Amino acid sequence: PDRDELVTILTNMIEPGKESNFAKCSDRNSLRVDYDNGSIIHYNATQISRNGFPVIFSKGNEIGVTKKMSTSAILQIRLMHHCGSGPREFGQNLFDTCLKDCPCWEGQTGCVFDVECQGDLKSSRRTCISANPTTSPPMAPPTNPPIRLRPTRPPIGWPVPPSTDAAPAVFTMPTPPESVCHKPPLPVTDMMDDDTLAIYDDYLQDHED
């Protein structure tokens with residue numbers, strides 16, 4: 001009934017004697033599903049044309065090129081044949097997809113009880129699932145390669161660990177000598193002049209304790 005909202009038919013381009021192929025069927029019950037201009041059985045634009053020019057202009061999908069069933073076609077088939085009591089309209093299917101009279105298939109949502117699923121399927125979290133799902137073996141924990149850390153450079157004046165051919169490891173800080181904790185290292189005195197060295201000696205005497 002809503003065909004003219006999605007396609008335009010140019011009747012003067014129709015092959016003579018074939019006009020009935022484009023007659024609009026206003027009395028058909030589409031179960032409140034919109035006209036399907038993407039249907040796999042829809043005429044293409046120039047089919048049954050008198051001169052090869054388009055007869056149909058689509059206002060949406062490209063027509064006559066679909067290779068598989070459209071969503072609307074699948075929905076309309078389900079509305080026609082899903083329920084044992086007969087067809088039902090789109091609104092009924094939207095709010096009560098799965099019923100005892102209209103059992104659903106695996107993966108479909110909308111069921112509450114097992115009886116609302118087909119065959120031996122069962123309802124789980126409002127979805128029809130297999131009663132005996134195949135379980136895959138547990139995955140082994142991933143094996144991560146050992147993490148190699150760049151060795152830390154020790155402070156100046158501290159002992160340096162001997163180098164080895166083994167993989168680099170984290171440098172462990174040794175316990176600093178007691179002298180380091182109480183007074184500055186002495187090698188710096190070699191760079192002092194006499195006046196500075198005298199001041200430095202006074203500093204050491206003041207901090208001897």
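This report describes the fold, surface, nonpolar cores and selected polar residues of a predicted protein model.

## Basis of the model

The model is predicted, with local features requiring pLDDT of at least 70 and side-chain atom pairs counted only at pLDDT 80 or more, whereas totals for chains, interfaces and linings use all residues. Residues are numbered from 1 along each chain as its sequence is written, and side-chain values use heavy atoms, with hydrogens and water left out.

## Overall architecture

Four helices and four strands are assigned in the protein. Helices (H or I, at least four residues) and strands (E, at least two) are DSSP runs, numbered from the N terminus. Their order along the sequence is β-β-α-α-β-β-α-α.

Of the 209 residues, 20% count as buried; buried denotes under 20% relative accessible area, exposed over 50%, and partly exposed the range in between (1.4 Å probe, protein chains only). Contacts are defined by heavy atoms within 4.5 Å. Among contacts between residues at least 6 apart in sequence, 36% join residues at least 24 apart.

## Surface

The protein exposes about 16200 Å², of which carbon and sulfur atoms supply 55%. Accessible areas come from the Shrake-Rupley method with a 1.4 Å probe, and for residues only the protein chains shown count as cover.

A nonpolar surface patch is formed by I40, I41, M69, I74 and I77, with about 470 Å² of accessible area together. Patches consist of residues with over 30% relative accessible area and no salt bridge, where like charges are joined within 9 Å and nonpolar side chains (Val, Leu, Ile, Met, Phe, Trp, Tyr) within 5 Å. A salt bridge is a side-chain nitrogen of Lys or Arg within 4 Å of a carboxyl oxygen of Asp or Glu. Within this patch, I40 belongs to the loop between β1 (7-9) and β2 (56-58), and I40 is partly exposed because its relative accessible area is 41%.

## Nonpolar cores

The largest nonpolar core has eight residues: V7, I9, I14, F22, I48, V55, I56 and I63. Such a core is a set of buried Ala, Val, Leu, Ile, Met, Phe, Trp, Tyr and Cys residues joined through side-chain atoms within 4.5 Å. Apart from this largest core lies another, of six residues, including C98, C111, C117 and C128. In soluble globular proteins, nonpolar side chains tend to be buried together.

Beyond its neighbours within four places in sequence, I14 is in contact with I9, E19, F22, I48, R50 and V55.

## Arginine 3

R3 is located in the segment before β1 and counts as buried because its relative accessible area is 15%. The R3 side chain makes a polar contact with the side chain of D4 at 3.2 Å. A polar contact is a pair of N or O atoms within 3.5 Å; within protein, one must be able to donate a hydrogen and the other to accept it, and residues adjacent in sequence count only if both atoms are side-chain atoms. The side chain of R3 also reaches the backbone oxygen of F22 at 2.7 Å.

## The R88 and N93 pair

R88 occupies the loop between α1 (71-81) and α2, while N93 is part of helix α2 (residues 90-95). R88 is buried because its relative accessibility is 8%, and N93 is buried because the corresponding value is 12%. Their side chains are joined by a polar contact of 3.2 Å.

A polar atom of the R88 side chain lies 2.7 Å from the backbone oxygen of T97. R88 and R32 are 56 residues apart in sequence, yet 9.5 Å apart in space, C-alpha to C-alpha. Outside its neighbours within four places in sequence, N93 is in contact with L75, L79, H82 and R88.
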